[in-house]
Structure formats: structure tokens, C-alpha cells
Amino acid sequence: MENHPLPKIYLLLLVLWPLSCSVLLSTLPVRNIMEARNLKSAQEILDSQHWLLPTLNGKPRIKKPPLPTWAAAASAKISGSNHLFFLRLPNLFMGILFLAAFYLLTQNLFGKQYALLPTLMLLTSAQLLAEIPTARWDLFATALGLAALWATCRCLHHRRSLNPYLPLSILLWTASYLSKGPLAFYLIALPFFSTTLLAQTLLKPSSPPFPALPDLSFQKIFQLLLILTISLGFGNLWWLAIYLQQPNTWKILYADMVSLNQGHAKPVYYYVLRSLALMAPWSPLFLAALFQLRQEIRIVRKFFGKIPTATPSTQSLSIPHWNLLFSITWFLLAFALLSAVPAKKSRYFLSLLPPACLMATFAWQNYRYLLSPLYHYSSSLLYFSLPPLAFYLLWKTGPHWTNLPLPLLWLTALPLFLRKENPLEKTSIALLLTLLLLPQTLQLLPPYQQNKYHQALKLRPLLQHQKIYLLGHASPQLLWALNAYLLPLPSLQQIPTPSPISYLLVEETNHTPLPNFPNLVKIYSFTIHKSHKKLQHWHLYRISPTTPKKKGQKHDHHRKPNQTIPKLHRP
């Protein structure tokens, strides 16, 4: 591979990408149920100052590890604001850590000349861009797990008595375990070191093309297992501490695991049908790598057929062949392990993005000369169409000063684009500017703009941190929108008299008639669009002391369902 084209431009991308993604942290509404649970638990930590055991609606939240919730709460506490931007800010840091760990790991394994391109592919992958503004557990576990993998490889290579990478690797594996359990151990450590062991049986670790692969001798394998075992022990200390407070912890975890595998069970070929979409926009190169697998295996078999020994010198076989085979083997092992789990979700594919980006990189290495004429014509089309179109859409939604640096950068790069003759360099500049606009342009899409709970958000100033009686089923998104504690009631007759709580939230259903009590005064109604055809109607009542009704006085519990009061004041 040649030297990096335009390293300064690529460096600029690495600097501006977090700034571009940070726009989405505060603009995109909370839609995901997992994010709503995480952020609501973080707010309750700030309210109660009870950090050891997070709660959701006042109940212990044992099913998920606490690190992402702690990070969101700590970010809000340090900043002194509960704004959505600060609650999601740790996710942006995890995205940066994910990219940095992948770059360092690729640089150590394959060399510096192969590290930049797969990192840029990972940086611009659609799934990572979707995970950055969604504060849930997956990005934490994957980013910390990949950083732990890099530290472990460095630790296994370190030959001195004082090994600084040993405590770092244990710390990172423990943090990954406290983010989403053994996810990174299963989908990152197991397939990578299995691939390393397989490569070690075929090649001498000290010979090219894998000089940085850890030599998994018996002593190194014992050291690796010791690191992982200690990390698992430290990670389980939190659940042990919770078990001392909640004796039914293990039963809850087991029931949650069974429910997850039953409720989200998918066929074994689930990811086969979705892998191309999950690799967007690099799906063509990813598919090209899979098509090359048969050819690469045939080349290697032919090569080994001429060598009598089991560990031949690899000088006579080009390095890209071994790089592609290593990355494909790593991906296929992780893919098989992921498909073997009954519960399947698209976001679990995030752990497979690193080897998939390596596959796409080495496939591009083999096809780049064939695609050079295509670069020549597509670069100009890309540069002069997509960035101006994206900027126009952004400006049409409302001029804002944060959008001004983007067209200035486009105009500044124009002379550089026209001066370059290498089609790859011209495509790199065009792709850089397009991808800088991509995160901000995503927020213009209707699925990102729609906030199903915008009517409920109007109640937050009135009900914030208060306890409210609930008659119906409230989703975590509704709990986040109200930022209140909802106490479920089986029926209206269960309300204590006199009631210490002054509000009642009722879900309107066919089998639950609206209350018609003299001490209930309807003050607000709102609708939640659960799906395209399903609506959920809610009504908020104020519980007032029962007093004799004056002559001619009418209660406003007959207010129309969608009628709202003009202003909401705390009583």
C-alpha cells in the first residue's frame, strides 16, 4: 500500500468528525427504549445520590451493568446540567476510544501503512454513526473491549519484568464487563485469539507478515487466561455487592436471560441477510472480500502444497493475501459465535465492524487499480454534488452559525481538489467533505426528527421529581419524558384518602373507562404515536380534596381528550 494520501486532510477529518457528531447529541430525541432506561436511571442517581445501585422508576435496576449509567450521571454532575448533550457525551468519548483502539491495534498487527484506511472506514460506518448519539450499553462494551484487546496484545509482547500493560488490560476488560457483561470476551477476545492461534500453527510468529501477533506459547496462554479471569472476578464484584442487598439478584439475571433469548430469538441466518446493510456504506468492498475468500484459499493451498514443512517462510507469498485471510478468519469466527446466540439484534453486529473493515480494506487493495477509472469520474461528481446538497438541506431547515464552517471548508479545499491529479486523492477529499456533513444531514430524515413523546415533555416542568399515581402501562420513554416517579395502581379504589400525592396519570383503553370522580380534575391530555396505526391516549388528573360541589359548578373532567390547557403551573 502507498503512503497515506493527504495525511493532513485525514488528520483534519479525525479532528472535525467528533465536532460534527456532537451536533447530534442534543438534537436527536430519545426514541430507543434502552437509551430511555439508561438516561432515566442516570437522572435518578443524581436525584437520590445513590450510585452503587441504579434504579428505574424507584425500583432497583439489576438487569444491566452500571458503567454506562454511571458515566451519564457523572457527566451531568460534572457539567452541572441535566441537558441531553451532557448525558450523551460519554458515548462520543467511547466512539473516539473505539477508533483510537482500532487504529493502534491495526498498526501493531499489520503496520502503520495499513492502519489509516480501515480506521476511516470504521469512522464513517453507518452503524457507528447511529450508535454515537444513542446512550446505551453496546458502544461502551465494544470500545472498551477493543481497547482491552490492544492492551492485552501489547502485554503479551512485553518482555520486561515491569509490564505497564498488565494493569491497563485488566482495567479495560473489567470496564467492558461492567458495561455489558461478557459481550467483549465472547465476540472480541475469543475469535481474535482463536484466529491468532490458528495463524501460529501455520506461520512462524516472528516472520512476516504478522510480526506483531502475540506468540501464544503455553506461558502466554496462561498469562492471557489469568488476565481474563482476574477481569471477570473484578467485574463480578459489583453483582456480588448487589447480591448482599438484593438476595434475588441471580434469579432476576437468569429470568432476564431466558426472557431475552425467547423474546428476541431469530433464525441462525439472521445476520446473513443483514450484514450488507449493517456494513453500509462499505458493503460493496465487504462483499468483494467475501467473494475473494475462495480464491485466497486456493492460492494458499497451492502455496503450501509446494512447501514440505508446516511453517514455511512467507516471503514468496504477498502480504495482502495473509492480511485478508487473517481478517476474514477473525470475522467468520466472530460471525459464527454471534449467530449461535438465540437472541439476535442488529446492534450486536457492532463488535464485528473491526474485522469487517479490515476485510474491506484488503479487498480494496486488490481491486484499487481496476477501480481507478471509476474514481476519476466519480470524484468530481461526489465533490460538486453531495456536499452542496447536504449543506442546502441543512440551511433550509434554518440558518445557524454552526453550519457556516462547513461551506467554508468546502471552498477552502476546492483549489486542493482541482490541483490533485491522483483520482484516489481527489476521491479522498470529496469523501472527507461529504462525511463531515453526513452526521448533521442524518437529523433531517423523518425517523430522526420524529419525537413521539413531545406532548409528554411539556409536563416535565410540572411533574419533575414528583410521585404520580399510574393507571396503565408506562414505557421507559414516557418515564424519561416526564422525569417523574410513577406508582402503579391496580384500580382507582386503591388511592389513599387523603392522598399524599396530588396527580394521577391514566391510560385510556377500551377496557379501562376514564375516571369520573368528583375529586379528580383533568388538567392535561396527550397522545403517543406508538406505531403508524396505533395511538396511545393519556390523561393527567389533579387529585383535589373532596368538597361539596357548589350550585352550578361543573368539573372539567369532561374535557375533550386532545384539548390541552394553555399553561401549566405547579399547584
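**Entry 1: K40 and E44**

I began with helix α2, which covers residues 33–48 and holds both K40 and E44. The two residues are four places apart, about one turn of the helix. I note at the outset that the model is predicted. I then looked at the side chains of K40 and E44 and found them joined in a salt bridge, with N and O 2.5 Å apart. I checked the accessibility of the pair and recorded both K40 and E44 as buried.

I also looked for a ring beside K40. The charged end of K40 sits over the ring of Y485, at 4.8 Å from the ring centre. K40 thus appears twice in my notes, in the salt bridge with E44 and over the ring of Y485.

**Entry 2: Other salt bridges**

I searched for salt bridges and recorded a count of five. One of them links R136 to E131, where the closest N and O atoms are 2.6 Å apart. I entered R136 and E131 as buried, both of them.

I turned next to D138 and K180, whose side chains meet in a salt bridge with an N to O distance of 2.7 Å. D138 belongs to helix α7 (residues 138–157) and K180 to helix α8 (residues 165–180), so this pair ties together parts that lie 42 residues apart in sequence. Both D138 and K180 are buried. I followed the shared partners further and found that salt bridges join D138, K180 and R347 into one network.

**Entry 3: S169**

I stayed with helix α8, since S169 also needed an entry; this residue lies in that helix. The relative accessibility of S169 is 0%, so I entered S169 as buried. I then listed the contacts of S169, leaving aside neighbours within four places in sequence. The list holds A148, A151, T152, I227 and S231.

**Entry 4: Aromatic rings**

I searched the whole structure for aromatic pairs and obtained 18. I examined F85 and F86: their ring centres are 5.3 Å apart and their planes meet at 85°, so I classed the pair as edge-to-face. The cut-off for that class is an angle over 60 degrees. I looked up the accessibility of each ring's residue as well. F85 has 22% relative accessibility and counts as partly exposed. F86, at 26%, also counts as partly exposed.

I then recorded a cluster of aromatic residues. F110, Y114, F192, F193, F326, W330 and F362 together form one aromatic cluster.

I added a further charge and ring to this entry. The charged end of R460 sits over the ring of W480, and the distance to the ring centre is 4.7 Å.

**Entry 5: A nonpolar patch on the surface**

I looked last at the surface and found a nonpolar patch of about 910 Å². The residues that make this patch are F222, L226, I230, F234, L237, L240, Y243, L244 and W250. I asked which elements give two or more residues to the patch, and they are α10 (218–235) and α11 (237–245).

I took Y243 as one member of the patch to examine. Y243 lies in helix α11. At 33% relative accessibility, Y243 counts as partly exposed. A residue needs over 30% relative accessible area to belong to a patch, and the 33% of Y243 satisfies that requirement.

Note on methods. Residues numbered from 1 in each chain as written. Predicted model: local features only at pLDDT ≥ 70, side-chain atom pairs only at ≥ 80, totals over all residues. Heavy atoms only, no water. Salt bridge = Lys/Arg side-chain N within 4 Å of Asp/Glu carboxyl O. Buried < 20%, exposed > 50% of the residue type's maximum accessible area, 1.4 Å probe, protein only. Phe/Tyr/Trp six-rings, centres within 6.5 Å; stacked < 30°, edge-to-face > 60°. Lys NZ or Arg CZ within 6 Å of the ring centre and 35° of its normal. Contact = heavy atoms within 4.5 Å. Patch = residues over 30% accessible without salt bridge, like charges linked within 9 Å, V, L, I, M, F, W, Y side chains within 5 Å. Areas by Shrake-Rupley, 256 points an atom, 1.4 Å probe, with all protein chains shown as cover.
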